[in-house]
Amino acid sequence: MSRLNSVIRRLQAQRDCLNAAAEMIKGHDGIVLEVGLGNGRTFDHLREIMPDREIFVFDRQIAAHPKCIPDDDHLFLGDIFETLPMAVERFKGKVALVHSDVGTGDEALNAKIASFIGQTLPPALINGAIVASDQKIDVPGTITEPLPEGVPQDRYFFRRYQ
Ligand code: SAM
């Protein structure tokens, strides 16, 4: 497959997963955490498909398209090893969806981040919350949910908190 087709498929799968996650939390009141602003693509999509939800965004730096930067009140700027615990403390039992897209090229670092996120998140999650992620994250108290049709296994990961 050409690299162009590969990128298109990866982004289509990501969009399908975000759309599915938004459907899965319908009927569950709660805020959204977007972990990994990057250039703001997925943040922009999440706010488009969930205009009525408050979205809080995490990144260690701002490198997003100017139109895709949240206001200061919705931005946790810094290393998630510091900012995520603060957010979990602030949003105890209020989070309906977490989208985590912080994968790097470093497998060991990815595993460390995934483990940290999984251990840190639970107190913030409402019953029925979805954790959608680009890396496999084991979140205590959650079960695996199937991916949307057509999204390859291990391309994305869905967990539901019960
Ligand atoms: N979802 C984004 C989009 O669609 O544009 C792409 C996110 S990009 C793949 C990953 C982001 O995670 C980068 O912007 C990086 O700075 C951030 N990141 C990685 N490790 C981090 C950490 N420990 N703390 C805060 N941000 C981190």
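# Briefing: open sheet, nonpolar core and ligand shell

L33 stands opposite V98 of strand β4 (strands are DSSP E runs of at least two residues and helices H or I runs of at least four, numbered from the N terminus). This is a predicted model, in which local features need pLDDT of at least 70 and side-chain atom pairs count only at pLDDT 80 or more, while totals for chains, interfaces and linings use all residues. Residues are numbered from 1 along each chain as its sequence is written. The points below begin with the sheet and then turn to its surroundings.

**Sheet and strand pairing**

- Seven strands form an open sheet of mixed pairing (at least two DSSP bridges between two strands), and their order across the sheet is β3-β2-β1-β4-β5-β7-β6.
- The edges of this sheet are formed by β3 (75-77) and β6 (142-145), each of which pairs on one side only.
- On average, neighbouring strands of the sheet are turned by 20° against each other when direction is ignored, with axes fitted to C-alpha atoms, for helices over the stretch in contact, and angles from 0 to 180 degrees between N-to-C directions.
- Strand β1 (residues 31-35) and strand β4 (residues 95-100) run parallel and are joined by five bridges, and in this pair the bridge partner of I31 is V95 of β4.
- Five bridges also join β4 to β5, and these two strands likewise run parallel; S100 stands opposite S133 of β5.

**Burial, core and packing**

- Strand β4 is largely enclosed by the rest of the structure, because six of its six residues are buried (20 or more other C-beta atoms within 10 Å, against 12 or fewer for exposed and in between for partly exposed, with C-beta atoms placed from the backbone).
- The largest nonpolar core (buried Ala, Val, Leu, Ile, Met, Phe, Trp, Tyr and Cys joined through C-beta atoms within 7 Å) has 38 residues, and those with the most contacts inside it are A21, L97, A129, I130 and V131.
- The element that gives the most to this core is β5, with five residues.
- L97 touches A21, I25, V32, A129 and I130 when residues up to four places away in sequence are not counted (contact: backbone-placed C-beta atoms within 7 Å).
- Helix α1 (residues 3-24) lies across β4, β5 (125-133) and β7 (157-161), and its direction is at about 175° to that of β5.

**F58 in strand β2**

- F58 lies in strand β2 and is buried, with 21 other C-beta atoms within 10 Å.
- Leaving out residues up to four places away in sequence, F58 touches L33, E34, V35, G36, F76, I80, T83 and L84.
- F58 and C17 are 41 residues apart in sequence, and from C-alpha to C-alpha they are 19 Å apart in space.

**Ligand surroundings**

- The ligand is surrounded by 18 residues, of which the closest are G36, G38, R41, T42 and R60 (backbone-placed C-beta atom within 6 Å of the molecule).
- Helix α2 (41-49), strand β2 (55-59) and helix α3 (80-90) are the elements that give two or more residues to this shell.

**A residue with positive phi**

- D154 has a positive phi of about 70° although it is not a glycine, whereas most residues other than glycine have a negative phi.
- D154 lies in the loop between β6 and β7, and D154 is exposed, with 9 other C-beta atoms within 10 Å.

Notes
Two residues are in contact if their C-beta atoms, placed from the backbone, lie within 7 Å.
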